[in-house]
Amino acid sequence: MKSQDTPFVGGPLDGRVLPVLLGLTGHPPKTYRVPVPDTAGGPPTVLVYRRVPAGPPGRFGLHPGWKYAYDPEGDRGGRLRWPWSKPRTGAGGTAHGDGPDATTG
């Protein structure tokens, strides 16, 4: 399999460049999870990094590549988004516009 040296920004891996395996499309995965073992023997802590563009497009619209940015929350964006999927719930527990206080017009 092919790999690509990808920089990491933010978090404990800030400034490191690690080889990341590429998928079938030639891109690295959207999320990169790094398990860090606990020194006390407990469950490992998982660091989550999200794939972002490495910079603005070049002069001819060529893609500059990818880098990984640290995501301290690490729990959002973990499932496939299909057009027929239900929208995600907001902070109040209901989907946007589906609650009892939504206005009907």
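Among contacts in the chain between residues at least 6 apart in sequence, 28% join residues at least 24 apart, where contact means heavy atoms within 4.5 Å. This is a predicted model, in which local features need pLDDT of at least 70 and side-chain atom pairs count only at pLDDT 80 or more, while totals for chains, interfaces and linings use all residues. Residues are numbered from 1 along each chain as its sequence is written, and side-chain values use heavy atoms, with hydrogens and water left out.

The mean pLDDT of the chain, pLDDT being the predictor's confidence in each residue from 0 to 100, is 81, and 77% of the residues reach 70 or more. Where pLDDT is low, the predicted coordinates should not be read in detail. The chain contains five strands and zero helices, these elements being DSSP runs numbered from the N terminus (helices H or I with at least four residues, strands E with at least two). Read along the sequence, the pattern is therefore written β-β-β-β-β. Confidence is lowest in strand S3 (residues 31–36), at a mean of 90, and highest in S5, at 94.

Of the 105 residues in the chain, 18% are buried; buried means under 20% relative accessible area, exposed over 50%, and partly exposed in between, with a 1.4 Å probe and protein chains only. The accessible surface of the chain comes to about 8,200 Å², and 58% of that surface belongs to carbon and sulfur atoms; accessible areas come from the Shrake-Rupley method with a 1.4 Å probe, and for residues only the protein chains shown count as cover.

The interior can be approached through the largest nonpolar core, which is made up of seven residues, namely Phe8, Leu13, Val20, Val34, Leu47, Tyr49 and Tyr68. A nonpolar core is here a set of buried Ala, Val, Leu, Ile, Met, Phe, Trp, Tyr and Cys residues joined through side-chain atoms within 4.5 Å. Leaving aside neighbours within four places in sequence, Phe8 is in contact with Leu13, Asp14, Gly15, Arg16, Leu18, Val20, Tyr32, Tyr49 and Tyr68. Another member of the core, Leu47, lies in strand S4 and counts as buried because its relative accessibility is 10%. Beyond residues up to four places away in sequence, Leu47 touches Pro12, Tyr32, Arg33, Val34, Val36 and Tyr70, and its C-alpha atom is separated by 8.3 Å from that of Gly11, 36 residues apart along the chain.

Tyr32, which appears in the contact lists of both Phe8 and Leu47, is found in strand S3. Tyr32 counts as partly exposed because its relative accessibility is 23%. Not counting residues up to four places away in sequence, Tyr32 touches Phe8, Val20, Leu47, Val48, Tyr49 and Tyr68. Tyr32 and Tyr49 are 17 residues apart in sequence, and their C-alpha atoms are 5.1 Å apart in space.

Val48, also touched by Tyr32, has its place in strand S4 and counts as buried because its relative accessibility is 5%. Leaving aside neighbours within four places in sequence, Val48 is in contact with Tyr32, Arg33, Ala69, Tyr70, Asp71 and Gly74. Gly74 is 26 residues apart from Val48 along the chain, and the C-alpha atoms of the two are separated by 5.2 Å.

Asp71, one of the contacts of Val48, leads to the charged pair of the model. The count of salt bridges comes to one, a salt bridge being a side-chain nitrogen of Lys or Arg within 4 Å of a carboxyl oxygen of Asp or Glu. In it the side chains of Arg50 and Asp71 meet at 2.9 Å, N to O. The pair links distant parts of the chain, with Arg50 in strand S4 (residues 45–53) and Asp71 in strand S5 (residues 66–71), 21 residues apart. Both Arg50 and Asp71 are buried; Asp71 counts as such because its relative accessibility is 5%.

Thr6 offers a view from strand S1 (residues 3–9), and counts as buried because its relative accessibility is 1%. A polar atom of the side chain of Thr6 lies 3.2 Å from the backbone oxygen of Gln4. Leaving aside neighbours within four places in sequence, Thr6 is in contact with Arg16, Val17, Leu18, Val20, Trp66, Lys67 and Tyr68. Val20 and Tyr68 are also among the contacts of Phe8 and belong to the largest nonpolar core.

How values were computed:
A polar contact is a pair of N or O atoms within 3.5 Å; within protein, one must be able to donate a hydrogen and the other to accept it, and residues adjacent in sequence count only if both atoms are side-chain atoms.
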